[in-house]
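Trainee: I am new to this structure and would like to learn how its descriptions are justified. Could we look at it together?

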Amino acid sequence: MNIQELRKLSLREQRTTFCPGCGFETFINCFLRAVDDLGRRMDDYTFTEGIGCSAWISNNYFKADNFHTAHGRAIPAAIGLKAANPQLDVITIGGDGDLASIGGNHLIHAVRKNTPIAVFCLNNFIYGMTGGQVGPTTPLESITSTTVGGNTEKPFDLVKLVLGVGGEHASRYPTAYPHLLVKGIKRALVADGFRFMEVVSQCPRQYGTRNQASAAASMLAQQKAVYLSREKARNTDRGEFGDRSVFGDFDNLKEYLDLLPTEE
Ligand SMILES: Cc1ncc(C[n+]2csc(CCOP(=O)(O)OP(=O)(O)O)c2C)c(N)n1
């Protein structure tokens, strides 16, 4: 089925309210493609989400059952749904602010409980919906509406965080690689236990304009420069690694850290 047909079948509205160039459109298309490739339909899944542009995806657009919770509370709602009805296939979609800041405590405990849910964290490095404030993943020195002189707080590496508390299925895929993102989503949808995916997404409006990248194309080019496949990461000289990172699927902290240069 082509993507237009899939969107008609799976979305409540064809036109979203996302800003031009927002990576969430890519995530929506990749998610629909992954579900279709698995031979499933959107209404086979039950979604939970908090508040934010990212949360709007399942709350407003996906034609499926969803539990729209308060900001940060989507994961405990998902755990509750799964406990009440283990037959449900429960998925949480949220932003970096939602899942790693106000909801950060729930994230680490969900890993510990290993509840079989899939969490997709759409990391746009900013609080998008509320006007581009600094968040838990905002890179050092980035300009945001609340760090006009540059962010001085060290950001979380979400994959490292999840693996660091014992996660066994953590992944990271940038929207710049949609085919790989689809494959990663499929793996996250069918794996056992607690699954976490960081979807690295461009936000030209709130993040890019303040950080010399107001067009989606330049933000996608940046993603390609920063996020290396495992193979490329392994073959990149440690001294030249700089601020780069790695994407793919990871099942333990050591394997992940071995791909990155040692921290000082
Ligand atoms: C308890 C509570 N605190 C704060 C807010 C305001 N608020 C709504 S969305 C949001 C940030 C969303 O950022 P993020 O989760 O990163 O999602 P994005 O919009 O970037 O997708 C905040 C702070 C709220 N709705 N409820």
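Trainee: What makes strand 3 and strand 4 a pair, and in which sense do they run, parallel or antiparallel?

Mentor: Bearing in mind that this is a predicted model, strand 3 and strand 4 are joined over 5 bridges in the parallel sense. Two strands pair if at least two bridges are found between them, and 5 bridges satisfy that, so strand 3 and strand 4 count as paired. One example of a partnership is I91, whose bridge partner in strand 4 is A118.

Trainee: How do you know that strand 4 and strand 6 pair?

Mentor: Strand 4 and strand 6, which covers residues 195-200, share 6 bridges in the parallel sense, and because at least two are required, they are a pair as well. Here V119 has F196 in strand 6 as its bridge partner.

Trainee: Why is strand 4 called mostly covered?

Mentor: A residue is buried if 20 or more other C-beta atoms lie within 10 Å of its own, and in strand 4, residues 118-123, 6 of 6 residues are buried, so the strand is described as mostly covered.

Trainee: Which residues lie on each side of strand 4?

Mentor: In a regular strand the side chains alternate between the two faces of the sheet. A118, F120 and L122 are on one side, V119, C121 and N123 are on the other, and all of them are buried, leaving both faces covered.

Trainee: Which element gives the most residues to the shell around the ligand?

Mentor: Helix 5 does, with 3 residues. Of the 19 residues around the ligand, G52, G95, G97, D98 and G128 come nearest.

Definitions and conventions: Residues are numbered from 1 along each chain as its sequence is written. This is a predicted model: local features need pLDDT of at least 70, side-chain atom pairs count only at pLDDT 80 or more; totals for chains, interfaces and linings use all residues. A residue is near a molecule or strand if its C-beta atom, placed from the backbone, lies within 6 Å of it. Helices (H or I, at least four residues) and strands (E, at least two) are DSSP runs, numbered from the N terminus. A residue is buried if 20 or more other C-beta atoms lie within 10 Å of its own, exposed if 12 or fewer, and partly exposed in between; C-beta atoms are placed from the backbone.
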